[in-house]
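Student: I would like a close look at one part of this model, then its wider setting. Keep it brisk, please.

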Amino acid sequence: MRALTWHGTKDVRVETVDDPEIVNPRDAIIKVSSTAICGSDLHLYDGVIPGMMAGDILGHEFMGEVVETGPASTLQKGQRVVVPFTISCGGCFHCRIEQYSACENSNPVEKQDASAMLYGHPMAGLFGYSHMTGGYSGGQAEYVRVPFSDVGPIVVPDHLEDDKVLFLSDILPTGWMAAENAEIQPDDTVAVWGCGPVGLFAVRSALAMGAARVIAIDHYPHRLELAHKLGAETINFRETHVREALLEMTGGIGVDAAIDAVGMEAHGFAIDNMLDVVKQKVGIGADRASVFKQALLAVRPGGRLSVPGVYGGMTDKFPLGALMEKGITVRAGQTHVQRYTDRLLAMIEEGVLDTTFLISYRLPLEEAPRGYRCFREEQNTWTKVVLKPGIETQQ
Amino acid sequence: MTSHGRTHGALAAGIALAAGAIALAAKQQNRRRHRDHPADDAPGFTARRDFGRYEVVGRSVTIARPRAELFAYWRDFTNLARFMENLVDVSPAGAEGHSVWTIRAPAGQSVEVETRIAREVDGELIAWRSVEGSDIDTEGRVTFEDAPGERGTRVGLIIAYVPPMGEAGRAAAKLFRREPEVQARHDLKRFKMLMETGEIATSARRKDAARAAQMENA
């Protein structure tokens, strides 16, 4: 089959590799019809996530048709499914309490030591995302082996086309959980850092959960415009002092909740951010946590900070005092996708939730490297790239 | 095959050292409070001490399955090779409660160790040790306790062994790898996967690669 493989920083290629096969009884093989490039794939592309190996197949947002099933799979050939990016067994303690992204059994034993050492506990398995999370072959390919196929994949009705449901795999539930973690109350003002796909869905979700105001922060005019269309007020951090603006826009109170939908590769010119860029480049693994830090200072005392943005390592000069003295609640984590899919699929079916506005480009799988380059370099207009292994030319 | 609570007259004088190591490793607060350790409630094997000429490895894992089910699976030693990486096979030996463990050794070789059940408490504990004259002097004990609430069963594994010399030494090193704690943890986690999900996770795309990945450290 053809697949997008990683070979190093800013070096991804479409190559011919072995087709996957059923390995364990609960597996299924999916023939991919649509697969997206995620903002977190750019962290891999930029080489800031450890545990990558040459030849790894990327991609963790994908859907397609079931073409093969293991003896213990509950799927049937021909079904159309969206596959959550988190791999979850359904039987461990964490899966049973719906903390699916903390599944204890999906990361192969021989891959668990690295994250166990770094974080104190091993991470769960994720598709197409570094050997720390299992080294599973991802969805930017013609076929994918999906373990625990009786737990993760969501069967979608035929009348909903791919573009409407594909984002159930990650960014839609991730934006939703980000808003849920912000514990939004009526009359709240919520600030969202980052108007990429997750930030935009967090804006949408926060409003759906009853936030009185949402203030979206970015520097790409097109992305700010998308946030504005969803109902957010906007701040362009290249033009405006963000903290001052947030304080003034809330009458001196500060925002009730903050959502960091940026993560470890924040843009911007804060001094600590520049230092962290240098550290990342020389490989001493500091996260560029300038958004996290700024959000802690911007949120009101007793407020909440929700972190869907990806961090992987350590950071310096962390405003620990602000966290403690202001009594801020921080909630973070990879998304428990399976917890939200039924509800969100229903909202899509009812027409309450639209995700298609986000897609800026649809490309054949063969053009995936160009998709990465443009998604990385032209973030203003390339808001979301969907790869379609079935198509030959750009639609 | 063994009645509840029955022991096999084991842990006699000749094996006092290993038994002592296991017991020390298993003991919790009371024993440790009476020795020259800081008083705390942690399992003995987490203490910063050594156990004489015995290497002692202890690990525990919580498995969301009933205690009786886990006990029964472990009690059939022929199952152990499914999740213990460096075991080729365990088969029943002549005498009751005796087994022959075939352990992977370098260069495609293997080494055999005969063990017998030293003590057994139905649903709670199985202890075994190598018979006299064995190439590897080892003793192990697995315990099963109800975990809080709906969490299932806490499974504790303690293995003591004398790092031997020669061929058998190399085999023992294979069995326990360079870091025995890592091996014990890996084996217990594979046991957990098998019990909770019915399979052992692999990220391999193909069956042959899955086998290779699981043998990676063998």
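Is B:Ala118 buried or exposed, and how many other C-beta atoms lie within 10 Å of it?

Tutor: First, a caution: this is a predicted model. B:Ala118 is buried, because 24 other C-beta atoms lie within 10 Å, and the cut-off for buried is 20 or more.

Now its place. B:Ala118 is found in strand 4 of chain B. That strand covers residues 110-121 and runs antiparallel to strand 5 (residues 125-130) of chain B, with 6 bridges joining the two. Next along the chain from B:Ala118 comes B:Arg119, which stands opposite B:Ala127 in strand 5 of chain B. In a regular strand, side chains alternate between the two faces of the sheet.

Step back to the sheet. Chain B has an open sheet of 7 strands in the order 1-7-6-5-4-3-2, with antiparallel pairing. Strand 4 of chain B therefore sits between strands 5 and 3 in that order. The edges belong to strand 1 (55-63) and strand 2 (87-92) of chain B. Each edge strand has a single partner strand, so one side of each is left without a neighbour in the sheet. On average, neighbouring strands of this sheet are turned by 20° against each other, direction ignored.

A helix covers part of this sheet. Helix 3 (residues 67-75) of chain B lies across strand 1, strand 5, strand 6 (138-146) and strand 7 (153-161) of chain B. Helix 3 of chain B runs at about 160° to strand 6 of chain B.

How does B:Ala118 relate to a later part of the chain? B:Thr202 is 84 residues away in sequence, and the C-alpha to C-alpha distance is 35 Å. Two helices of chain B figure in the contact with chain A: helix 5 (180-197) and helix 6 (207-214) each give two or more residues to the side that touches chain A. Helix 5 of chain B gives the most, with 8 residues. In total, 24 residues of chain B are in contact with 28 residues of chain A. The chain B side divides into 7 nonpolar, 7 polar and 10 charged residues.

Now the partner. Chain A has 13 helices and 18 strands. Its C-alpha atoms fill a box of roughly 60 × 45 × 45 Å along the principal axes. Chain A has a radius of gyration of 20 Å, which agrees with the value near 21 Å for a compact globule of 395 residues. Of those 395 residues, 52% count as buried. Among contacts in chain A with a separation of 6 or more, 73% join residues 24 or more positions apart.

Two spots in chain A add detail. At the start, strand 1 (residues 2-8) and strand 2 (residues 11-16) of chain A pair in the antiparallel sense over 6 bridges. A:Arg2 has A:Thr16 as its bridge partner. The hairpin has 2 residues between the strands, and A:Lys10 takes a positive phi near 55° there. Strand 1 of chain A also runs antiparallel to strand 4 (residues 56-57) of chain A, with 2 bridges. Here A:Thr5 stands opposite A:Ile57.

The other spot is A:Ser360, in the loop between helix 12 (337-349) and strand 17 (361-364) of chain A. A:Ser360 counts as partly exposed, because it has 17 C-beta neighbours inside 10 Å. Beyond its neighbours within four places in sequence, A:Ser360 is in contact with A:Thr381, A:Trp382, A:Thr383 and A:Lys384. A:Phe375 is 15 residues from A:Ser360 in sequence and 9.8 Å away, C-alpha to C-alpha.

How values were computed:
Residues are numbered from 1 along each chain as its sequence is written. Chains are lettered from A and ligands numbered from 1 in the order in which they are written. This is a predicted model: local features need pLDDT of at least 70, side-chain atom pairs count only at pLDDT 80 or more; totals for chains, interfaces and linings use all residues. Two residues are in contact if their C-beta atoms, placed from the backbone, lie within 7 Å. Helices (H or I, at least four residues) and strands (E, at least two) are DSSP runs, numbered from the N terminus. Ala, Val, Leu, Ile, Met, Phe, Trp, Tyr, Cys and Pro count as nonpolar, Asp, Glu, Lys and Arg as charged, and the others, Gly among them, as polar. Two strands pair if DSSP finds at least two bridges between them. Axes are lines fitted to C-alpha atoms, for helices over the stretch in contact, and angles run from 0 to 180 degrees between N-to-C directions. A residue is buried if 20 or more other C-beta atoms lie within 10 Å of its own, exposed if 12 or fewer, and partly exposed in between; C-beta atoms are placed from the backbone. The radius of gyration is taken over C-alpha atoms; the globule rule is 2.2 Å times the number of residues to the power 0.38.
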